[in-house]
Amino acid sequence: QPAKDKAVDMLAESNFDMVILDPTPLTSPRPLILNARRTVRNYPYILLASDSFTAEDAVKTGANDLIAKPLDGETLKKKIKNAQGLISMVRLYGDDSEDFPSAGGVIAKSAFNQLFLSAMDRADRYGEKTYILQIALHNYEEILSLDGTYAAEYAVAKLCQYMSHLRRQSDIIGQTRRNEYSLLLQRPIYETEPSEAANRFADELAKCTDIDASGRTDVEVRVSLISVPSGNIVAEHIFKIAALTHATNG
């Protein structure tokens, strides 16, 4: 226990991105994890290492995810990748150097970040699971370079238009990058609901052949479903939408 208390002090003094915590011999690691969350300046990813906890148990303690003991190297690599993805997302949403205005049912990144932080807090406090559905114009830079600003921005605007039409009234959508929109899917009713939403968006967006303004470069779209607070990529679809002239001639 003294060593674990010292670890909290270390977290307060330095910005660690990830912590692997073996709760033994604590009956419950929750007070320790909540103390760490209150003490640190940044948001560390906490991976609980245990041979008795389930993933659901781990989230209810305030941890991000669970890794079973004894540790497996390949599993640890995957968990580290999840941690890197979640930390990147936390930094992206919290970066106020570039914001995007609210329009047409899409909220600004700064507003989306506040709701995202609330979802993270509810995951810590109550073990609630949230999903982020990221939909991006994957080859935005290529279109910008080959076809110009108008074509790139037109494709982004059309992507937004279709997403706004496809989303449910309860879905919260924000622009999180110049070429990316994120949906906050909270408290799903059944386990497969988020994956079904990702599949539905991918299937419907693949039909939107008028998303390209230039008629030259195929548009590539990425749909990623990410579980919060683990950062695990549950599903990912990357597909091309043929430019209108190609689709007509083909």
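This is a short walk through one protein structure, from its overall dimensions down to a few single residues.

Let me say at the outset that what you see is a predicted model, and that every value I give is computed from it. The protein has 250 residues, of which 46% count as buried, and its secondary structure consists of nine helices and eight strands. If you take the box along the principal axes, the C-alpha atoms fill roughly 70 × 35 × 35 Å. The surface that the protein exposes comes to about 12,700 Å², and carbon and sulfur atoms supply 51% of that area. As for charge, there are 28 positive and 34 negative charges, and the mean positions of these two groups lie 4 Å apart. On the contacts, if we consider pairs of residues at least 6 apart in sequence, 65% of them join residues that are at least 24 apart.

Let me turn to the interior. As a general point, nonpolar side chains in soluble globular proteins tend to be buried together. In this model the largest nonpolar core has 34 residues, and the members that touch the most others are Leu-133, Ile-135, Leu-205, Val-221 and Val-223. Which elements give two or more residues to this core? They are the strands β4 (130-137), β6 (180-186), β7 (219-228) and β8 (233-241), together with the helices α6 (140-147), α7 (149-166) and α8 (193-205). Helix α7 gives the largest share, with nine residues. Apart from this core lies another one, of 19 residues, and its members include Ile-67, Leu-92, Phe-112 and Ile-132.

To see what one core member does, please look at Leu-205. Setting aside residues up to four places away in sequence, Leu-205 touches Ile-135, Leu-159, Tyr-162, Leu-166, Val-221, Val-223, Phe-239 and Ile-241.

Now to a residue in an earlier part of the chain, Leu-47, which is found in strand β2, residues 45-50. Is Leu-47 buried or exposed? Its relative accessibility is 0%, so Leu-47 counts as buried. The residues that Leu-47 touches, again leaving out those up to four places away in sequence, are Met-18, Val-19, Ile-20, Leu-21, Asp-65, Leu-66, Ile-67, Leu-76 and Lys-79. One of these, Val-19, is 28 residues away along the chain, yet the C-alpha atoms of Val-19 and Leu-47 are separated by 6.1 Å.

A loop residue can be buried as well, and Thr-61 is an example, with a relative accessible area of 5%. Thr-61 lies between α3 (55-60) and β3 (65-68), and beyond its neighbours up to four places away in sequence it touches Pro-29, Arg-30, Ile-33, Leu-48 and Phe-53. Ser-164, by contrast, is partly exposed, at a relative accessible area of 21%, and is found in helix α7. Leaving aside neighbours within four places in sequence, Ser-164 is in contact with Gly-104 and Val-106. Gly-104 is 60 residues from Ser-164 along the chain, and their C-alpha atoms are separated by 7.8 Å.

Next, the cysteines. A disulfide is a covalent bond between the sulfur atoms of two cysteines, and a search of the whole structure finds zero of them. Why is Cys-160 in no disulfide? The nearest cysteine sulfur, that of Cys-208, is 12 Å away, whereas a disulfide needs the two sulfur atoms within 2.5 Å, so the pair does not qualify. Both residues are nonetheless buried, Cys-160 with a relative accessible area of 15% and Cys-208 with one of 7%.

I will end with the backbone. Most residues other than glycine have a negative phi, and most peptide bonds are trans. Where does this model depart from that pattern? The peptide bond from Lys-69 to Pro-70 is cis, with omega near -5°, and Pro-70 has its place in the loop between β3 and α4 (73-94). Another cis peptide bond joins Val-228 and Pro-229, where omega is about 20°, and Pro-229 lies in the loop between β7 and β8. Finally, Arg-187, although not a glycine, has a positive phi of about 45°. Arg-187 sits in the loop between β6 and α8, and with a relative accessible area of 48% this residue is partly exposed.

Terms used. Residues are numbered from 1 along each chain as its sequence is written. This is a predicted model: local features need pLDDT of at least 70, side-chain atom pairs count only at pLDDT 80 or more; totals for chains, interfaces and linings use all residues. Side-chain values use heavy atoms; hydrogens and water are left out. Helices (H or I, at least four residues) and strands (E, at least two) are DSSP runs, numbered from the N terminus. Buried means under 20% relative accessible area, exposed over 50%, partly exposed in between (1.4 Å probe, protein chains only). Contact means heavy atoms within 4.5 Å. Accessible areas come from the Shrake-Rupley method with a 1.4 Å probe; for residues, only the protein chains shown count as cover. Lys and Arg count as positive and Asp and Glu as negative; His and the chain ends are not counted. The place of a charge is taken as NZ of Lys, CZ of Arg, CG of Asp or CD of Glu. A nonpolar core is a set of buried Ala, Val, Leu, Ile, Met, Phe, Trp, Tyr and Cys residues joined through side-chain atoms within 4.5 Å.
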